[in-house]
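Please consult the sequence and the structure shown below while reading the explanation that follows. It proceeds from individual backbone features to the packing of helices.

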Amino acid sequence: MTGHLPAPPPERGLFCNRTLNMRAIKAIGYDMDYTLIHYKVEAWEQRAYEHMRNRLVAQGWPVGHLTFDPMLAMRGLIIDTEKGNLLKANRFGFVKKALHGTRPMDFEAQRREYSGTIIDLADRRWVFLNTLFSLSEACLYAQVVDLLDDGKLPGPMGPMGYGDVYELVRRSLDATHMEGALKAEIIADPGRYVLAEPDTALALLDQKNAGKKLLLITNSEWAYTLPMMHAAFDPYLPPGMTWRELFDVVIVSARKPEFFTTRSSLFEVVTAPGHEGLLRPHSGPLKPRTPYFGGSATEVERFLGMSGDEILYVGDHMFGDVHVTKNVLRWRTALILRELEDEIRAISAFRGTEARLAERMQHKERLEAESCQVRLELQRRRLGYGPREPSPSDEQLHARALELRTQLEALDTEIGPMARAASELANPIWGLLTRAGNDKSHLARQVERYADIYTSRVSNFLFATPFVYLRSPRGSLPHDPTTPGGTPVFPASATGDTSAP
């Protein structure tokens, strides 16, 4: 009889884009913030927002009255710094929803701005919100755009455009993280900002004892990493063990994504009492259980004697942790999306309404198909071409067209509230993280392209074990018979028959 863990709830699963055999993985690297350590998003981002706002107030900005709105932005949105807009795009880069500042853009305004635009993230005009740390930045930017539009940034602001405002807000965020006051608050009261996750320690212990090398590669500095990892891991490890013994390599201030693409000087972090945190240059092989500052991924590969698909890197930053790692090093990749849990729960709770919506949409498609045929027959009769049957008469066709239009209008009235509810799942402004209308969102496309697997938290590995063989599902296409949604070439008949006539 084994003491195996119960099956996880659906939202705690590991989701596989490309087949991954964990038995073939020899080393697993982890980011720290929002990966090994999860923060209470609203608490953290509100304090980050307040620090940013207060810095701007000190520079003469009239923003002291502004407050953080946790619903205004979400990961995966795109800031158009040229126009002052927050955007949600689909997988092809077409804009599906937009706010100008905090104000929704109506369909016509959105069409005028973006009907001929395909978003290319290589263009500096577009800023992709890669992580949860971006929410406070996007919120404050949108609110300041409103002030700029309303002429409320006078005096020391001078004439500014939307791009100037973004740069100033961005600099305020960078300064907030650099000066350390915010992180000092977190260190002083981790319980206020950090979500306790006891199972993460056990998941890593399983991996380590299964023979895998564990790496911590974080952009956070040592003075922050040390107390945060102590608070998050040490209480849940075996007696006498600390988080330092979990990891074969610890690198702080890694400067990702450059860590994966360039070579930087490597320094050893001094941990001796009285000299904690000082740096000394390092050369030669890495020493076990010694924290390092800077360096590069190539040094890690050389130390491990591994490369490419022998290494899995786990992080929350779409570009810095997953995109570059996959593109440059060909490491296997795992993306952490904590919001996925709320998303999956929202989808599950909506399932009954979704089924009713799908049934009504199928009925609508059947009526639309008949309406199109009636319209075409009337067109042919009016212009005198094509085959002509003696019945029905023109009058009967016109009557049927009117009847179909009435039925479709009634259906739209019924479908409308359900469709609006579907578009507001998880977030009343933007809807689901992974959807843009009926299509995949731009974020979902990035996940699909660069993350071999994705999941909501590191502790989900506990359910799968270090030996799991993760297999990707068969990719679906619109012509697959089981693919939901979309309009088939031959719409289903009233009896459910989808065969060709």
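In this predicted model, Pro257 lies in the loop that runs between β12 (249-252) and α9 (258-261). The peptide bond that leads from Lys256 into Pro257 is cis, and its omega is near 10°.

The loop between β12 and α9 also holds Ser253. Although Ser253 is not a glycine, its phi is positive, with a value near 45°. Is Ser253 buried or exposed? The relative accessible area of Ser253 is 14%, and because buried means under 20%, Ser253 counts as buried.

A positive phi is also found at Thr465, again a residue other than glycine, where the angle is about 75°. Thr465 belongs to the loop between α16 (461-464) and β21 (469-470). Its relative accessibility is 33%. Since the partly exposed class extends from 20% to 50%, Thr465 is assigned to that class.

The explanation now turns to pairs of helices. Helix α1 comprises residues 41-58 and helix α3 residues 135-149; their axes come within 8 Å and cross at roughly 45°. Why is α1 described as oblique to α3? An angle under 35 degrees would count as roughly parallel, and one of 65 to 115 as roughly perpendicular; the crossing at roughly 45° falls in neither range, so α1 is oblique to α3. The crossing of these two helices is right-handed. On the side of α1, the contact is formed by Val41, Glu45, Ala48, Tyr49, Met52, Arg53 and Leu56, while α3 contributes Leu135, Ser136, Glu137, Cys139, Leu140 and Gln143. Sorted by class, the residues in this contact of α1 with α3 are eight nonpolar, two polar and three charged.

A second pair is made up of helix α11, residues 318-329, and helix α15, residues 442-450. Their axes are 9 Å apart, and the two helices pack at an angle of about 35°. The crossing of α11 and α15 is left-handed. Which residues bring these helices into contact? From α11 come Met318, Val322, His323, Lys326 and Asn327, and these meet Leu443, Gln446, Val447 and Tyr450 of α15. By class, five nonpolar, three polar and one charged residues take part in the contact of α11 with α15.

Technical notes: Residues numbered from 1 in each chain as written. Predicted model: local features only at pLDDT ≥ 70, side-chain atom pairs only at ≥ 80, totals over all residues. Heavy atoms only, no water. Axes fitted to C-alpha atoms, helices over the stretch in contact; angles between N-to-C directions. Helix = DSSP H or I, 4+ residues; strand = E, 2+ residues; numbered from the N terminus. Left-handed = near helix turned anticlockwise from the far one by under 90°. Contact = heavy atoms within 4.5 Å. Nonpolar A, V, L, I, M, F, W, Y, C, P; charged D, E, K, R; others polar. Buried < 20%, exposed > 50% of the residue type's maximum accessible area, 1.4 Å probe, protein only. Parallel < 35°, antiparallel > 145°, perpendicular 65-115°, else oblique.
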